[in-house]
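I opened a fresh page for this one and went through it feature by feature. My notes follow in the order I looked things up.

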Amino acid sequence: MITNKKGSPMKPANDFCTCEDFSCKLHPVNHTRGCDPCIEKNLKAGEIPSCFFRSLNPDLSEVKDFTTEDFVAFYLKQQNKT
C-alpha cells in the first residue's frame with residue numbers, strides 16, 4: 001500500500017510510474033497532478049525523467065546525470081547489451 005507524506009493510504013496517480021523516489025515532492029503519489037510537475041521540472045532543467053531511463057533498464061546505478069546527452073549514451077549502452 002502506497003501512502004502519502006502524512007502516512008495516509010492512497011492510490012498511485014499514475015499506475016505506470018516507475019520512479020522510486022517517493023520522497024520527491026513531484027512524485028505522483030505526493031499530489032494529484034500526475035506526471036505534469038515532474039515533466040515540467042525536467043524540461044526546464046534540460047533533463048529526461050528517470051522513468052525514461054528505467055524503461056531501458058531499471059538499474060540506474062551507473063547514471064550520473066539525467067541530461068538528454070546522458071539518456072542517449074544510456075540508450076546506446078543498453079542497445080549494445082543485446
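**Entry 1: contacts and overall make-up.** I count a contact when heavy atoms lie within 4.5 Å. With that rule, residues 24 or more positions apart account for 11% of the contacts in the protein with a separation of 6 or more. Note to self: this is a predicted model.

I then pulled the secondary structure and got 3 helices and 0 strands. Along the sequence the pattern reads α-α-α. Of the 82 residues in the protein, 28% are buried. The accessible surface comes to about 5,900 Å², and carbon and sulfur atoms own 57% of that.

**Entry 2: helix 3.** I checked the length against the ideal rise. Helix 3 has 14 residues (68-81), which at 1.5 Å a residue should span 20 Å, and its end C-alpha atoms are indeed 20 Å apart.

Which residues of helix 3 are buried? I find Phe71, Phe74 and Gln78. They cover an arc of only 65° around the axis, so they sit on the same side of helix 3. That fits the textbook picture: an α-helix has 3.6 residues a turn, so residues three or four places apart point the same way.

I looked at the opposite face too. Turned away from the buried side of helix 3 are the exposed residues Glu69 and Asn80. As for what covers the buried residues of helix 3, helix 2 (50-56) is included.

**Entry 3: aromatic rings.** I describe a pair of aromatic rings by the distance of the centres and the angle of the planes. My count comes to 3 aromatic pairs. One of them is Phe53 with Phe66, an edge-to-face pair at 4.9 Å centre to centre and 85° between the planes. This pair links distant parts of the chain, since Phe53 is in helix 2 and Phe66 is in the loop between helix 2 and helix 3, 13 residues apart.

Are these two buried or exposed? Phe53 is buried, at a relative accessible area of 0%. Phe66 comes out at 26% relative accessibility, so I log Phe66 as partly exposed.

Phe53 also pairs with Phe71: the ring centres are 5.2 Å apart and the planes stand at 85°, so this is edge-to-face. Phe53 lies in helix 2 and Phe71 in helix 3, so the pair ties together parts that are 18 residues apart in sequence. Phe71 has 19% relative accessibility; the cut-off for buried is under 20%, so Phe71 counts as buried.

Putting the ring pairs together, I get a cluster made of Phe53, Phe66, Phe71 and Phe74. Two of those names, Phe71 and Phe74, are already in my list of buried residues of helix 3.

**Entry 4: cysteines.** How many disulfides does the structure hold? I get 0. Cys38 is in no disulfide, and the nearest cysteine sulfur, that of Cys24, is 6.4 Å away. Cys51 is in no disulfide either; there the nearest cysteine sulfur belongs to Cys35, 6.2 Å away. My cut-off for a disulfide is sulfur atoms within 2.5 Å.

I looked up exposure for both. Cys38 counts as partly exposed because its relative accessibility is 25%. Cys51 also counts as partly exposed, at 27% relative accessibility.

**Entry 5: two more residues.** Where is His27 found? It is in the segment before helix 1 (36-45). His27 is buried, with a relative accessible area of 5%. I left aside its neighbours within four places in sequence, and His27 is then in contact with Cys17, Cys19, Asp21 and Phe22.

Ser50 was next, and Ser50 lies in helix 2. At 18% relative accessibility, Ser50 counts as buried. Which residues does Ser50 contact, leaving aside its neighbours within four places in sequence? The list is Cys19, Leu60 and Phe66. I checked Leu60 in that list: the C-alpha atoms of Ser50 and Leu60 are separated by 8.5 Å, with the two residues 10 apart along the chain. Phe66 in that list is the ring I had already logged as a partner of Phe53. Cys19 turns up twice on this page, as a contact of Ser50 and as a contact of His27.

Key
Residues numbered from 1 in each chain as written. Predicted model: local features only at pLDDT ≥ 70, side-chain atom pairs only at ≥ 80, totals over all residues. Heavy atoms only, no water. Helix = DSSP H or I, 4+ residues; strand = E, 2+ residues; numbered from the N terminus. Expected span 1.5 Å × (residues − 1). Buried < 20%, exposed > 50% of the residue type's maximum accessible area, 1.4 Å probe, protein only. Arc of directions from axis to C-beta. Phe/Tyr/Trp six-rings, centres within 6.5 Å; stacked < 30°, edge-to-face > 60°. Areas by Shrake-Rupley, 256 points an atom, 1.4 Å probe, with all protein chains shown as cover.
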